Amino acid sequence: MSRRPALRALVFDVDGTLAETERDGHRVAFNRAFAQCGLDWHWDEASYGALLAVTGGKERMLHYWRGVDPQAAAAPGAASLIAELHRRKTRHYVELVQAGALALRPGVRRLLEQARDAGLQLAIATTTTPHNVEALLRATLGDAANGLFACIGAGDIVPRKKPDPAIHAWVLARLGRQPAECLVIEDSPPGLQAARAAGMRTLITRGVYSADACFDGAWVLLDGLGEPARPARGEVGGAPWSGVVEAARLREWFERPAAA
Ligand code: XBP
Ligand code: MG
């Protein structure tokens, strides 16, 4: 039996993982920006799910534009329209968040507090814009967000977004940790791919847009973190499991000796 390195840090994704932000937050903000700029683009709930395969709001809009009007999307000025749309979209998203439109997923606040109290480092690795992360943390956690995360890796801080592992590598370097000491918590296939490529184990909490997605290679695969009144369901090490994901339980699973 060989002992695993100790668990030292939890690295959280944001959209879909800390909160269900996509359908009623980002999507609505994109549509408001499109309307404001006189575009007839509209992303309904179902088509937005498919567009999530492209991470990053600017990248997602350009991908969509190339599909509906490739010539215009390649014309001079296309990049500045994308930038303008994205500025507007970010303003709409932050307004929605500040108005209280989005809540943390069940169990998130509890696990963050337990992990902090257990001495684990907390970090964020997300493709979304830093302003959006700050607004969400402030609106949902208030002053409890102050100093909670040792490091926040977000948006264009790295040149390539998930599924590229650049954001996770950036966070690891900031934390001063090895991949084998950290656990990533994610909700999406590009997030899993990025975390695995960075060499980290990943706990998936499926969300509204990833309820049926393929998560081959996930270390733990659940439908959420669970709360006592509504336990999470899924698989741990390939075996069915149901319960509440506590920091102490994560540590026990993570450090459990592997069979030789
Ligand atoms: C999800 C994303 C983001 C948001 C939009 O990020 O792909 O692009 O949909 O945010 P994650 P921006 O799951 O990594 O948190 O418009 O600010 O890019
Ligand atoms: Mg996500």
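Which residue just after α6 takes a positive phi? Gly119 does, at about 85°; the points below cover this and other features of the structure.

1. Basis. This is a predicted model, in which local features need pLDDT of at least 70 and side-chain atom pairs count only at pLDDT 80 or more, while totals for chains, interfaces and linings use all residues. Residues are numbered from 1 along each chain as its sequence is written, chains are lettered from A and ligands numbered from 1 in the order in which they are written, and side-chain values use heavy atoms, with hydrogens and water left out.

2. Helix α6. Helices (H or I, at least four residues) and strands (E, at least two) are DSSP runs, numbered from the N terminus. Helix α6 spans residues 108-117, and its buried residues are Val108, Arg110, Leu111, Leu112 and Ala115. Buried means under 20% relative accessible area, exposed over 50%, and partly exposed in between, with a 1.4 Å probe and protein chains only. The cover over the buried residues of α6 includes β1, β2, α7, β4 and α10 (247-255); contact here means heavy atoms within 4.5 Å. As background to the phi of the glycine that follows, most residues other than glycine have a negative phi.

3. Helix α8. In α8 (residues 166-175), the buried residues are Ala166, Ile167, His168, Val171, Leu172 and Leu175. Among the elements covering them are β1, β2 (121-126), β3 (151-154), β4 and α9. Gly176, just after α8, has a positive phi of about 70°.

4. The loop before α8. Pro163 sits in the loop between β3 and α8. The peptide bond joining Lys162 and Pro163 is cis, with omega about 15°. For comparison, most peptide bonds are trans.

5. Magnesium site. The magnesium ion (ligand 2) has as protein donors Asp13 (OD), Asp15 (O) and Asp187 (OD), at 2.1 to 2.2 Å. Donors are N, O and S atoms within 2.8 Å of the metal (3.2 Å for Na, K and Ca); water is not among the atoms, so sites may look incomplete. The spacing of the donor residues in sequence is D-x1-D-x171-D. Distant parts of the chain are linked here: Asp15 is in the loop between β1 (9-12) and α1 (22-36), and Asp187 is in the loop between β4 (182-186) and α9 (189-197), 172 residues apart. Asp15 and Asp187 are both buried.

6. Thr205. This residue lies in strand β5 (residues 201-205). Thr205 counts as buried because its relative accessibility is 2%. Leaving out residues up to four places away in sequence, Thr205 touches Thr17, Arg105, Glu186, Asp187, Leu222, Gly224 and Leu225. Asp187 in that list is also a donor to the magnesium ion (ligand 2).

7. Helices α3 and α5. Two packed helices are described by the angle between their axes and the distance between the axes. Axes are lines fitted to C-alpha atoms, for helices over the stretch in contact, and angles run from 0 to 180 degrees between N-to-C directions. Helix α3 (residues 57-68) packs with α5 (residues 78-98) at about 130°, the axes being 10 Å apart. The two are therefore oblique to each other: angles under 35 degrees count as roughly parallel, over 145 as roughly antiparallel, 65 to 115 as roughly perpendicular and the rest as oblique. Gly57, Lys58, Met61, Leu62 and Trp65 of α3 make the contact with Ala78, Leu81, Ile82, Leu85 and His86 of α5. By class, this contact has seven nonpolar, two polar and one charged residues. Ala, Val, Leu, Ile, Met, Phe, Trp, Tyr, Cys and Pro count as nonpolar, Asp, Glu, Lys and Arg as charged, and the others, Gly among them, as polar.

8. Helices α5 and α7. The axes of α5 and α7 come within 9 Å and cross at roughly 5°, which means that α5 is roughly parallel to α7. Lys89, Thr90, Tyr93, Val94 and Val97 in α5 meet His131, Asn132, Ala135, Leu136 and Ala139 in α7. The contact has six nonpolar, three polar and one charged residues.

9. Leu136. Leu136 belongs to helix α7 (residues 130-141) and counts as buried because its relative accessibility is 1%. Outside residues up to four places away in sequence, Leu136 touches Val14, Ala19, Thr21, Val97, Leu102 and Leu141.
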